[in-house]
Amino acid sequence: MHKFATLLALAVTASLAAQSAVTITDANTTFTYSSYPTATNSTVGYCNFAAATADHAYQSWWYYALQGDANGSALNTAGGQMTASLAADNRSVLLDWPNVDARGFAAQLVNCVYSTGAASGVSAQALTITNNTASPLGLNLYFYTDLDVAGAAGDSASQHAGWPTGNHMVQDSAGVQCWVMADRFNSFDLTTFAVARGAIINGVGGAPYAPLNNGLPFGPGDYTGVYHWLVSIAPGQSVTQSALLAITQAPASQRIARASTHCVGKPGTHGVPVWALNRPFTGSATSLRIDNGFPGAAPILFLGVAPVAVPYPPFGTVCTFPIATLNMPAFNAARVSSLTIQLPNLASLSAAPLHWQALFLDMGAASFLAHTDGLAWSFGSFGN
C-alpha cells in the first residue's frame with residue numbers, strides 16, 4: 001500500500017519518467033529503469049525486473065558518500081549530468097556520470113541482463129568509479145535493493161549456502177525465489193522498507209551509514225537490502241564493484257565474467273577482423289561475434305586453453321594452440337559472423353578461461369589469409 005501511495009504522489013513527474021525509461025532485455029529476461037533519482041537526497045529511482053513472469057523488483061540503485069560527508073547521496077540526474085547508452089543488442093545499458101555532482105570523480109554503471117532458462121534470468125550490475133582529482137579519494141559505495149517478489153511485499157530471506165555471508169535468497173509466501181548477491185563487499189544489512197535507504201541518504205549520527213551485517217534471516221516482511229564497500233582510490237585510478245539480482249535459479253559462479261583480447265590480428269580487405277567482447281555469463285547463451293570479415297568467407301575457429309603469440313610468416317600469428325576447431329557461419333553482407341554458444345549454469349565452468357582465434361580466406365589479405373587476435377573468456381555470474 002505504501003508503495004502505491006508513493007507512485008501516486010509522483011504522478012506529476014510521469015512524463016519525465018516516461019522520457020527517461022530504459023529497458024534492457026535478453027530472451028525472457030527484462031530490466032527497466034522506469035525513473036532515476038533527480039537529486040542527491042531523492043528517493044525516486046524505480047525499476048522492474050522479470051523473467052517471463054511477474055515483476056519482482058521495486059528499486060535497485062547505487063549511492064555514495066565521500067570521506068567527510070555526513071550522509072550518503074544517490075547517483076542522480078540533476079543538471080543533466082547522467083547519460084544513458086543502450087548496447088546495440090539491447091542487452092546492457094551504460095549510465096555515465098563524467099563528474100558526479102561536480103565532486104571530481106566519474107561513475108559508470110553497467111547493467112547487463114542475461115537469461116539462464118525459460119523462467120530465470122540475471123541482472124549483473126557493475127559500478128566503476130574513477131578518481132579525477134590529484135588526491136586519494138575515500139569513498140563509501142552502496143548497492144540498494146527493494147524486492148517485491150512476484151509483486152508481494154511479504155517476503156523472507158535466508159543466507160545462500162556456499163557463498164560469503166550476506167549473499168542471500170529472497171522468497172515469497174508461494175515459494176517464488178530471487179537472489180541478491182555482491183562481490184567482495186565490506187558489510188551488508190537487510191531491513192524492512194525503507195530503513196536502509198533512509199540510513200544511506202540521512203546518515204547515522206552525522207556520519208555515512210556503515211551496515212553492521214544484520215538482518216539474516218529476514219521476514220516475512222517488506223524486504224530491502226544494502227551492500228556496502230569502503231574504498232580508497234589513488235589519483236587517476238579506478239575501482240569497480242559488482243552486484244547481481246537473479247530470478248528462479250541461483251547464479252552458479254562467484255566470479256566475474258570477463259572477455260578480453262591479446263596477441264595481434266591480421267588485416268584483410270576490410271581491415272583487422274575484431275571480436276565483440278561479449279561476456280561469458282554462466283548459464284547464458286553467449287555469442288562469439290567477429291566484425292570486419294570478408295563476405296562469404298567462413299571462419300575456422302581455434303579453441304585453446306592458453307594464450308600464445310607465435311608468428312608464422314607470411315600467414316600471421318597463432319594466438320592460441322587449438323585443442324579443437326569449430327566452423328563459424330560465413331560472413332554476411334555486413335561483414336559479421338556470429339556463433340551462439342549455450343553455456344551451462346555450472347560453477348566448475350569458472351575453473352579456467354578459454355581462448356579463441358578465428359582465421360578465414362580473404363583475397364585482400366597477405367597470403368590470402370586474415371585472422372583475429374586472441375579472445376579470452378573467463379566465466380562467471382557477475383559483470384564488470
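The legends below describe close-up views of a predicted model.

**View 1. An open sheet of 5 strands with antiparallel pairing.** Read across the sheet, the strands follow the order E5-E4-E10-E16-E14. Strand E5 (73-74) and strand E14 (187-192) stand at the edges, and because each has a single partner strand, one side of each is left without a neighbour in the sheet. At one of these edges, E14 pairs with strand E16 (residues 223-233) in the antiparallel sense, and the pairing extends over 6 bridges. A place to begin when following this pair is threonine 192, which stands opposite tyrosine 223 in E16. In a regular strand the side chains alternate between the two faces of the sheet.

**View 2. The hairpin of E6 and E7, with 5 residues between the strands.** Strand E6 (residues 83-86) and strand E7 (residues 92-97) run antiparallel and are joined by 4 bridges. Threonine 83 has aspartate 96 in E7 as its bridge partner. Within this hairpin, asparagine 90 takes a positive phi near 60 degrees.

**View 3. Glutamine 125 and its surroundings in strand E9.** Glutamine 125 has its place in strand E9, which covers residues 120-131, and its relative accessibility is 0%, so this residue counts as buried. The side chain of glutamine 125 makes a polar contact with the side chain of serine 60, at 3.0 Å. Leaving aside residues up to four places away in sequence, the residues that glutamine 125 touches include the aromatic-named positions Phe31, Tyr33, Trp62 and Phe143, together with Ser60, Leu109, Val110 and Asn111. Further along the chain numbering, glutamine 125 also touches Gln241, Ser242, Ala243 and Leu245.

**View 4. The disulfide that joins cysteine 263 to cysteine 319.** A disulfide is a covalent bond between the sulfur atoms of two cysteines. In this model the count comes to 1 disulfide, and the S to S distance between cysteine 263 and cysteine 319 is 2.2 Å. The link of these two residues is left-handed, with -75 degrees about the S-S bond. The pair links distant parts of the chain, 56 residues apart: cysteine 263 is in the loop between strand E18 (258-262) and strand E19 (274-275), while cysteine 319 is in the loop between strand E23 (316-318) and strand E24 (324-327). Cysteine 263 counts as partly exposed, at 26% relative accessibility, whereas cysteine 319 is buried, with a relative accessible area of 1%.

**View 5. Cysteine 47 and cysteine 112, each in no disulfide.** For cysteine 47, the nearest cysteine sulfur is that of cysteine 178, which is 11 Å away; cysteine 47 counts as buried, at 3% relative accessibility. For cysteine 112, the nearest cysteine sulfur is that of cysteine 47, at 16 Å. Cysteine 112 is buried, with a relative accessible area of 4%.

**View 6. The largest pocket and its lining.** Rolling a probe the size of a water molecule over the atoms shows where empty space is left. About 410 Å³ of space lies in the largest pocket, which is lined by 18 residues, and of these Ala87, Asp89, Arg91, Ser92 and Asn278 lie nearest its centre. The elements that give two or more residues to this lining are strand E1 (22-26) and strand E20 (285-291), and E20 gives the most, with 4 residues.

How values were computed
Residues are numbered from 1 along each chain as its sequence is written. This is a predicted model: local features need pLDDT of at least 70, side-chain atom pairs count only at pLDDT 80 or more; totals for chains, interfaces and linings use all residues. Side-chain values use heavy atoms; hydrogens and water are left out. Two strands pair if DSSP finds at least two bridges between them. Buried means under 20% relative accessible area, exposed over 50%, partly exposed in between (1.4 Å probe, protein chains only). A polar contact is a pair of N or O atoms within 3.5 Å; within protein, one must be able to donate a hydrogen and the other to accept it, and residues adjacent in sequence count only if both atoms are side-chain atoms. Contact means heavy atoms within 4.5 Å. A disulfide is a pair of cysteine sulfur atoms within 2.5 Å. On a 1 Å grid over the protein atoms alone, a cavity is a set of points where a 1.4 Å probe fits but cannot get out, and a pocket is an open set with protein on both sides within 12 Å along at least five of seven lines; lining residues have an atom within 4 Å of a point. Grid points are joined across faces, edges and corners, and a volume is the space filled by probe spheres set on the points.
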